[in-house]
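The following briefing goes through one protein chain by topic, beginning with its strands and ending with single residues. Please keep the sequence and the structure open while reading.

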Amino acid sequence: MAELGSKGVTAGKIASNVQKKLTRAQEKVLQKLGKADETKDEQFEQCVQNFNKQLSEGTRLQKDLRTYLASVKAMHEASKKLTECLQEVYEPDWPGRDDTNKIAENNDLLWTDFHQKLVDQALLTMDTYLGQFPDIKSRIAKRGRKLVDYDSARHHFEALQTAKKKDETKIAKAEEELVKAQKVFEEMNVDLQEELPSLWNSRVGFYVNTFQSIAGLEENFHKEMSKLNQNLHDVLLGLDKQYSGNAFPVKAQPRKKTKLFARLRKKMSSDSTPAKANKSPSPPPDGSPITSPEAKTVNHEVEPSTLEAPGASIPKSPSQSSLPAVVVETFPATVNGTVEGGASSERADMPPGFLFKVQAMHDYTATDSDELQLKAGDVVLVIPFENPEEQDEGWLMGVKESDWIQHKELEQCRGVFPENFTERVQ
């Protein structure tokens, strides 16, 4: 019998809940159709909007904080792998071996401590802060249902009062239901009216504390990490001093166009060979000079070649030979599309097209006939390539200042050199 009674109570409660849902649904339909008025509270609705915004912001902050912690964890692992690699390559007989091991150990502990404190002081606080929202959200929803119950009871009571045939018993029962519904609603409404503004204002202090904690933890972490890095730097500096003769060599960028001057000189040599068909004409019988029908053109000026008659005692200079003149045309150098040189290229004490000076920071051993041999401290006068297409990336054309001062001659002294072996000084 007790079991049947229990089932009966349960069935009655279910039936009551179903009836409440039907009544609420009917009331909402009437309100949407405008056939029943709805109790409005604009102040509370604003509090609900603030609550939803606060929940959205807090959820995003929690997500981003978890992402940040995952990044810290990843950086910890990467730093650990890097220090492990250093320990492996650091040979036992090198000075500072024990120091590097201690630094690696402290590095790992520092990362672990940083991550754990972020979890304790930021993430757990964040979880606690967001933990209060589900309950309040549930109460807001329940308050909304109780408001519909209150409106429904009010409308039912008003309808019985205005009916033509009044039933006092039904009116009294409806009034009792109205008072009960109003009491339940107002109790929930008052509590939420107090809690929601307080929760909204608490966000400021929470954000301040959270980000202050993160900033403080980061500051301490980086200070301690800076000390470790300085210690590691000092250890490696000591190793470098002991093995300073085995410095890491500076390498030039590979060249695509090698033997540039070898090609140019070969071309100049072939061009300067006299052609068999280009023989000098015989002088006239009277011994008067004749003018060659051919002429040399240099910089667009025509100079007639004069042939002396046999027996003339004036010797010929090399410039009066029948070899064709080689015209070398220079192009202005461009750096990032800007023509350089300007007035400096016209200076009499500098080679044509002079751009700027560089000083060799490392020794460079030439590997081809068109390259300059450099010693640390050599000053090189940079000039443009005759054909910009011949220039390889990372390489410059120039003549050592000492060679230029001594010879004032470009053909035999100029050459290419790797830019990363030098530093611009002027």
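Which residue in E8 does Leu 396 stand opposite? The residue is Phe 417 of E8, and the bullet points below place this pair in its sheet. The model is predicted, and the protein chain in it has seven helices and nine strands. Of its 426 residues, 28% count as buried.

**The open sheet**

- Five strands form an open sheet in the order E8-E7-E6-E5-E9, and their pairing is antiparallel.
- The edges of this sheet are formed by E8 and by strand E9 (422-424), each of which pairs on one side only.
- From one strand to the next, the twist averages 50 degrees.

**Pairing between neighbouring strands**

- Strand E8 (residues 415-418) and E7 run antiparallel and are joined by four bridges; besides the pair of Leu 396 and Phe 417, Met 397 of E7 stands opposite Val 416 in E8.
- On another register of the sheet, strand E6 (residues 379-383) pairs with E7 over four bridges, again in the antiparallel sense, and Val 380 has Lys 400 in E7 as its bridge partner.
- Strand E5 (residues 356-360) is joined to E6 by four bridges, with the two strands running antiparallel, and the bridge partner that Lys 357 has in E6 is Leu 381.

**Burial of E7 and E8**

- In strand E7 (residues 395-400), six of the six residues are buried, so the strand is largely enclosed by the rest of the structure.
- The side that Trp 395, Met 397 and Val 399 point to is one way from E7, while Leu 396, Gly 398 and Lys 400 point the other way, and all of these residues are buried.
- Strand E8 is likewise covered on both faces, with Gly 415 and Phe 417 buried on one side and Val 416 and Pro 418 buried on the other.

**Helix packing around H2**

- The axes of helix H2 (residues 42-89) and helix H4 (residues 133-162) come within 12 Å and cross at roughly 150 degrees; an angle over 145 degrees counts as roughly antiparallel, and H2 and H4 are therefore described as roughly antiparallel to each other.
- The crossing of H2 and H4 is left-handed, and the contact is made on the H2 side by Phe 44, Val 48, Phe 51, Gln 54 and Leu 55, and on the H4 side by Phe 133, Ile 136, Lys 137, Ile 140 and Arg 143.
- For H2 and helix H5 (residues 168-242), the axes come within 10 Å and cross at roughly 15 degrees; angles under 35 degrees count as roughly parallel, and H2 and H5 are therefore roughly parallel to each other.
- The crossing of H2 and H5 is also left-handed.

**Residues of helix H3**

- Thr 100 is found in helix H3 (residues 97-131), and Thr 100 counts as buried because its relative accessible area is 3%, the limit for burial being under 20%.
- A polar atom of the Thr 100 side chain lies 2.6 Å from the backbone oxygen of Arg 97.
- When residues up to four places away in sequence are not counted, Thr 100 touches Tyr 90, Leu 232 and Val 235.
- His 115 also has its place in helix H3, and His 115 counts as buried because its relative accessibility is 19%, where the limit is under 20%.
- Apart from its neighbours within four places in sequence, His 115 is in contact with Leu 69, Val 72 and Lys 73.

**Gln 31 and separation along the chain**

- Gln 31 is placed in helix H1 (residues 2-32), and with a relative accessible area of 14% Gln 31 is buried.
- Although Gln 31 and Val 148 are 117 residues apart in sequence, their C-alpha atoms are 9.8 Å apart in space.
- Over the protein chain, among contacts with a separation of 6 or more, 69% are accounted for by residues 24 or more positions apart.

Notes. Residues are numbered from 1 along each chain as its sequence is written. This is a predicted model: local features need pLDDT of at least 70, side-chain atom pairs count only at pLDDT 80 or more; totals for chains, interfaces and linings use all residues. Side-chain values use heavy atoms; hydrogens and water are left out. Buried means under 20% relative accessible area, exposed over 50%, partly exposed in between (1.4 Å probe, protein chains only). A polar contact is a pair of N or O atoms within 3.5 Å; within protein, one must be able to donate a hydrogen and the other to accept it, and residues adjacent in sequence count only if both atoms are side-chain atoms. Contact means heavy atoms within 4.5 Å. Two strands pair if DSSP finds at least two bridges between them. Axes are lines fitted to C-alpha atoms, for helices over the stretch in contact, and angles run from 0 to 180 degrees between N-to-C directions. Angles under 35 degrees count as roughly parallel, over 145 as roughly antiparallel, 65 to 115 as roughly perpendicular and the rest as oblique. A crossing is left-handed if the near helix is turned anticlockwise from the far one by less than a right angle, and right-handed if clockwise.
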